[in-house]
Amino acid sequence: MDKTFNLAKREDGIAVLTMDVPGESMNTLRAEFGPEISQVLADIKGDSSIKGLVLISGKKDSFVAGADISMLDACETAADAKQLSQQGHIVFNELESLSIPVIAAINGACLGGGLELALACHQRVCSLNSKTMMGVPEVQLGLLPGGGGTQRLPRLVGITSALDMMLTGKQLRPKQALKLGLIDDMVPESILLQTAVEMALKGKRVSSKPKQSMINRVLEGTNAGRSIIFDQAGKQVQKKTQGNYPAPAKIIDCVRQGMAKGIVKGLEVEANHFADLVVSKESEALRSIFFATTEMKKESGAGDAKPRSVKKVMVLGGGLMGGGIASVTTTKAKIPARVKDISEQGLSNALSYAYKLLDKGVKRRHMTPAVRDNLMSLMTTTTEYKGIKDADIVVEAVFEDLNLKHQMVKDVERECGENTIFASNTSSLPIAQIAQAASRPENVIGLHYFSPVEKMPLVEVIAHKKTSAETIATTVAFARKQGKTPIVVQDGAGFYVNRILALYMNEAAQLLLEGRAVEALDKALVKFGFPVGPMTLLDEVGIDVGAKISPILEGELGARFLAPAAFDKLLADERKGRKNNKGFYLYGSKSKKKTKQVDSSVYGVLGLRTPENSNEHSSELAEMSQRCVVQMLNEAVRCLEEGIIASPRDGDIGAIFGIGFPPFLGGPFHYIDTLGADALVSKLEAYQAEFGDRFTPCDQLRQMAKGGDKFFG
């Protein structure tokens, strides 16, 4: 059997231990490596000629990407998970307690268990490779660093910096890591091993104090100061997570106890908390998202069809969406993009949009001005159809007007090649209707981005009946290159994401018209786990945009999509939301306080009395959120029933990445499994009796309720 750890002794007395998991592109830590590492460490201890040890990876661009997550799914009980953590503690303690200097030579990704391995070494040096990143992202899977990270990290970089890393899961570049004291040196990749060997030859160093700001040093130096840090961190976590995620509070507790009672006690607390989190439903849901997205990366979206290569892109429309699409094409996918707009103003907007985004990277020192300028040179502009004959894909981002989109299809077919894909970033018009103007409908597809394009991870790739498999596969591969998570959905008004969102938003509007306060509605759904509430979302997206989509959905899908008529009054009052500083909330100079304030004149516009009390009971908040969410769940199942989405997995990913459905619930379909289809049908039927047929449960849900079926095994 091929070994993962290979020890090579040099003539100068330094041994180099290379980790290289056979048959894998990246190193991950697995429980079965334990005996092999222990044997290697025993051999090192027994060999007095070894004066120092360097730990390095045999993989290109990756040190250790973390622990193998499928190992956690194999844990049947908390006791199994605790044993995993304790095994890691034993091996890392053995490594740390070697009497010779141990140096980690880090090149590429050094994350999670990989960083914990490096922390157990006596010193760390990393390469200046752009792929070199260090971090403990376990919190993003509902976990905590279970290999001693909650104990070694605060002792190395200080409590405040360690908590910041563990509670956000953020990844540090070499310069940031050096500044924090996480690493001792950074060097070009070509001299990484040589530098690590030289460090080992110098012998063991006395560990230095963390590099900290004056205030952190003062606070962390006393029990009272540390209490302030932990209490503040606890409050911030509660505000951010609404108590929906158990991992952050447990991370804080591990550090608090470890710093107060010593590392042995700290490791014991870490193993116990880690075990509880592994078997928690929140972590299970977050891990299911991780596995789903990993699985999707291997799929073409169209069976065995192979994608064509995309070497040049054209974007029609230089507005907010067009500018964003062109920007992710050049900066993320590194593909030249030509933006066409009818006005020079639109083109300069698109260029300045992309420049601002790149310049942020320069200001944060993530890139040099030269790199920024090279990426900017990939974006060109035109007001006519020039320099686009060789475009492989044209992404259309013009107004939601069918006649205009028909004109665009004809223009592109006339001016570009016969294989050029026409991808429409429409949010609601069925793609088949857009393709009616095409002589090559097999090249027409929907590519629906969410705003702001550079931040929102999801895109919907929408195939109509005549879209070819090759067109689907090429579009999916292109979206992935832009750094997006694409889901393939079938054609239909609103596709998937906007369709399930529309009913949720309509229900929030109904609650408002029944006399609920704007801020209470937002609070209810943030507490449920959404990143923002529905009223804030409507202001951000634009009340006018919502008004355009509603009639299309109602026309295609029926009366349950009818938006409350009172909303016409908002548009008559010129209320579009943040874009014109006039919506449900106050913006600009009218907004004096730091926290957002409701524009109470909105109630009068809607013909409502201003609510006297916006501090509803938690039971009332739960009732409000439930009414909105069950609408979304019911419609998600209807989309599956109609074949709009291919699987519950795609439905979960679409809702989480497209509209911020609470990740700790695993997505609408996972959540229905948690609730039970029968319980959901009962709730819907009770609402149907009270509020009407918009709550009618769909057929598939009724069938599942009868049979006690689930979406996931």
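Contact here means heavy atoms within 4.5 Å. The model is predicted, with local features needing pLDDT of at least 70 and side-chain atom pairs counting only at pLDDT 80 or more, while totals for chains, interfaces and linings use all residues. Residues are numbered from 1 along each chain as its sequence is written, and side-chain values use heavy atoms, without hydrogens and water.

**Exercise 1.** State what share of the contacts in the chain with a separation of 6 or more comes from residues 24 or more positions apart.

Solution. Such residues account for 74% of these contacts.

**Exercise 2.** Decide whether the chain is as compact as a globular protein of its length.

Solution. Begin with the elements: the chain has 30 helices and 17 strands (DSSP runs, H or I of at least four residues and E of at least two, numbered from the N terminus). Next, take the radius of gyration over C-alpha atoms, and the globule rule as 2.2 Å times the number of residues to the power 0.38. The radius is 28 Å, close to the 27 Å that the rule gives for 713 residues, so the chain is as compact as a globular protein of that length.

**Exercise 3.** Describe how helix α21 packs on helix α22.

Solution. Fit the axes to C-alpha atoms over the stretch in contact, with angles from 0 to 180 degrees between N-to-C directions. Helix α21 (residues 518–528) and helix α22 (residues 534–541) then pack at about 100 degrees, their axes 7 Å apart. This makes α21 roughly perpendicular to α22 (65 to 115 degrees). Last, list the residues: Val518, Leu521, Asp522 and Leu525 in α21 meet Pro534, Met535 and Thr536 in α22.

Definitions and conventions
Angles under 35 degrees count as roughly parallel, over 145 as roughly antiparallel, 65 to 115 as roughly perpendicular and the rest as oblique.
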